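Here is a brief report on the pockets of a predicted model. Keep the sequence and the structure at hand while reading.

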Amino acid sequence: KESLRLEPPLHSVLRFAARELEIDGHIIKRKRPVLLVIASANRDEALFPDPDRFDPERSFRQTMQFGVGSHACPGSYLAEREFTLLFTALRARFLIECADAGPPDIAGHVFRRAPSLPVTVTKLDNQSDSTRGEN
């Protein structure tokens, strides 16, 4: 969750105002386009202390990487559960170390990604290969 909060794959979404509203003294008329910047919302200092720091132990409030309300991704809970199971299984079987090169450069505006992520993966010796039928 912290990785997605800090670097969401989608930084902004376009929506249209359902009704006329005022935001910070600016009137937005009904049906006018509004660009919502997810990356900025996920770094709101009022919700996330020290928002530019990666903190995997951070307690979470609502983040926007999967949308919110009627626009929330219906598969978000499944995706989060799948990643939790995957990473738990990987951590149990492998030692994964990142290179000391610092955080990767992130490319792209709409869909963001790291062009590369130098890691070393070593199989832990204390695990049997029973999932592959080997003992």
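## Second largest pocket

Start with the strands. β1 (12-16), β2 (21-23) and β4 (33-37) each supply at least two residues of the lining of the second largest pocket. β1 gives the most, with three residues.

The pocket holds about 400 Å³ of space. Its lining counts 19 residues. Nearest the centre lie R15, F16, V34, L36 and H71. By class, the lining of this second largest pocket has 14 nonpolar, three polar and two charged residues.

## Largest pocket

The volume of the largest pocket is about 1,600 Å³. It is lined by 36 residues. Closest to the centre are E2, S3, L4, F54 and F87. Three elements give two or more residues to this lining: α1 (2-6), α3 (76-93) and β5 (94-98).

Which element gives the most to the lining of the largest pocket? It is α3, with eight residues. As for residue class, the lining of the largest pocket divides into 24 nonpolar, five polar and seven charged residues.

## Where to look

To find the largest pocket in the model, begin at E2, S3 and L4, which are among the residues closest to its centre. F54 and F87 also belong to that group. Then trace α3 (76-93), one of the elements that give two or more residues to the lining.

For the second largest pocket, go to R15 and F16, two of the residues nearest its centre. Next, find V34, L36 and H71, which complete that set.

Methods. Residues are numbered from 1 along each chain as its sequence is written. This is a predicted model: local features need pLDDT of at least 70, side-chain atom pairs count only at pLDDT 80 or more; totals for chains, interfaces and linings use all residues. Side-chain values use heavy atoms; hydrogens and water are left out. On a 1 Å grid over the protein atoms alone, a cavity is a set of points where a 1.4 Å probe fits but cannot get out, and a pocket is an open set with protein on both sides within 12 Å along at least five of seven lines; lining residues have an atom within 4 Å of a point. Grid points are joined across faces, edges and corners, and a volume is the space filled by probe spheres set on the points. Helices (H or I, at least four residues) and strands (E, at least two) are DSSP runs, numbered from the N terminus. Ala, Val, Leu, Ile, Met, Phe, Trp, Tyr, Cys and Pro count as nonpolar, Asp, Glu, Lys and Arg as charged, and the others, Gly among them, as polar.
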